[in-house]
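Q: Please take a close look at one part of this model: the places where its pieces touch. Take the contact between chains, then the contact between domains.

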Amino acid sequence: MKIKVQRYCTHRKPNPVVEVEYEIPLKEPTLLEALSYIKTNIDQTLTYSSGCRSEVCGSCAVRVNDKERLSCGYKLQDGDVITPLSKLSVIKDLVVEADVSFMTLVRTRAFLEKDRVVKQSVEDEKLIERQSDCILCNSCFSSCPVLEVNKEFLGPFALTRVYRYVSDKRCEDEKQKIDLVQQNGIWDCTLCGECTAVCPQGIDPKMDIMNLRSKSTKYGYMDPSFAGGLDFGAPSF
Amino acid sequence: MEKSIKVDTLVIGSGGAGLITALWAKKSGSKVLVVSESYPTRSQTSMAQGGINAVLYDSLGDSIEKHIEDTLRASRGFADESMVKMMCESAPKAIEWLDSIGVVFSRDKEGNIAQRKLGGTKYNRACYSQDYTGLKILQTLFDNSLKEEIDFLHEHYLVELIIEDNIAMGAIFLDIRSGELKEVFAKSVVLATGGYGGIYHSHTTNSYSSTGDAIAICLKHRVKTSNLDFIQFHPTGLKKSSVLISESARGAGGKLLNQNGERFVDELLPRDEVSLAIWEQIESGNDVFLDIRHLGEEFIDENLPQERKLAKLYEGVDPVSELIPIKPVAHYSMGGVSVDENLMSSVKGLFAVGECSDARVHGANRLGGNSLLEIVAFGMIAGEKSAIFAKDSSFKEYSKVDEVRRYIEEIFEYEGSENFYQKRDELGEKLYYKAGIKRDKQNLLSLVEFVENLPKMGIIDKSRTYNNTLVEFLKFENSLLLAKEIANSAMGRLS
């Protein structure tokens, strides 16, 4: 089977990006097994990230035919085209710099402000069970079209994590967290659902964002585009 | 131009052990820097599925004494009772802390933290989060590190420890992205770099980056290490990929069968006994399977969703209706850098915590659910003690960066065509079959011979930007050092 890998090297002239085709003689490999085959048998310079091989460490997300996938969890198909994640700068080949996306967790203060133990029921836990399965693989971040036009947008996983914390029974300052997702946050999302479609953990950031919107209205926030429509100020010509 | 950095406490490694150490060192007033070869949430801690042991409620018949007894019994007499006691006694506090910082534990009907049974005990003692226990702990620790504004250097690989006159002074890292060397000087240094199961390439549940790099560097500096031959083989790795099927599958009633449908061992014995029984089946030509069909689809999807997903992906079988082909695989390294009750090594100011350390709590065989406990219970202590140590000492800037640079340049200058990746795979095979579950002198000697007779090797990739071939080559060199040490240590134990 043949696959193509988009390769990037800042020093390559004239164009740092090239697409290279490889023949993979393995039987039903995962993408990660195929990448490892290339690196150890064909070309040592091929560069990608990997870790646990069992879809929990979030290291190996790439795009396969323009759709985000974990390399270790994807069965390779003939003709697949492999490219690095989008919205993050490429360092080399399939490796991207992830620091930028993690800063969104700092900006949203996605954690409990005060440590405390509270009795929780099975239902309390179930409410945030799926959201806390996030492995920070950046698939949703890469898939988000809003980040294409607004680099300041907080992006799907940070908003899911905010929803996870404000819905946590131990959280005491819901309002403060809700305040932080108003700008470049929940209202900027177009609810296209790309993030939900690509999440390897079955998390639904779109739903979490909608839930954050309804929580926000409790604190008097409203959709700014809607607010604009009801502008009774000076007439605009 | 290389840069040097100064911090009170340098934590190397950003898995569970590293993050907990950093949080507690900071709490104790230290200026902390965490440096790791990857990103915090990508570490091996994410892979711990089964749970974290703690005796929380007396009503279940369990007690801290029984937890200590079970741990000592599983250790085959090689654990230290006072260290085990310290770990088991602090377990309830460790869970309470994790609960308070936001870890999403599974709950029972009474609203308590739910607990389940793992191997080597009669009691439901392991607190868990479905089969994502390590993952959820690790992610929560990362969130808390951001909250506490812990400083990180991501993607910096440890190449050398700065140790002079038996005092730790810092470390030198390769900035993987730029290819530059960075020197970090610190008043205390904590190793939290994980184990070396990854050197059993293709026969391990570990990431292939788990090559015990810091331990290998310690060996070069003659920092005291111990029990390096104590490698735990997990009974149920998937046959083709060695990917882990959690012990919780057996805890819930999963059975081990051979191809004739015969059970041959009590599945809930400690891991070493179960692995040996499986190995003997395989040696006699049998195939071995894990059977969880009788647990039912609903139970499997609720409690063992990862197991189902992985069996389908790697073996092409659905455990709801089919048997899962398994083999025992290298899973955890009990040996490591020897530490005292303060988690300090034989070198002043050099601490070690988690799988890279030998804190004598697992002995020759670790109990399932005790590894997460160790990183939390001892991470807290390592954090406090390393901070206290830093308060009472000063910087000693002894630069070794030129020496390290020469060493790296030599690797780049290699002009041969030997493919070290092939040798890395061979090393994995040799380790599995010659220093695996059963060991004898002849096999161990042939492993040593293999290591000693390897040709000179280097890298073909000469790029300076994100050259992970260089990193993997350095890891391979460390693996060779450890393989030899495992063989020697195992030989010393043969009667």
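A: Start with the two chains of this predicted model. Chain A puts 42 residues into the contact, and chain B puts in 42 residues. Now stay on the side of chain A that touches chain B. Three elements of chain A each supply at least two residues there: β6 (90-92), α2 (99-107) and α3 (122-129). Of these, α3(A) gives the most, with four residues. What kinds of residue make up this side of chain A? They divide into 18 nonpolar, 13 polar and 11 charged.

Next, look inside chain A. The domain assignment splits chain A into domain 1 (2-96) and domain 2 (99-222). Taken over C-alpha atoms, the centres of domain 1 and domain 2 of chain A are 29 Å apart. The two domains also touch. Domain 1 of chain A brings 14 residues to this contact, and domain 2 of chain A brings 14 residues.

Now turn to the side of domain 1 of chain A that faces this contact with domain 2 of chain A. Two strands of chain A give two or more residues here: β3 (61-64) and β4 (67-70). The largest share, three residues, comes from β4(A). How do the residues on this side of domain 1 divide by kind? Six are nonpolar, three are polar and five are charged.

Keep both contacts in view as you turn the model. For the contact with chain B, find α3(A), which gives the most to the side of chain A. For the contact with domain 2 of chain A, find β4(A), which gives the largest share of the side of domain 1.

How values were computed: Residues numbered from 1 in each chain as written. Chains lettered and ligands numbered in written order. Predicted model: local features only at pLDDT ≥ 70, side-chain atom pairs only at ≥ 80, totals over all residues. Domains from an automatic or database assignment. Contact = placed C-beta atoms within 7 Å. Nonpolar A, V, L, I, M, F, W, Y, C, P; charged D, E, K, R; others polar.
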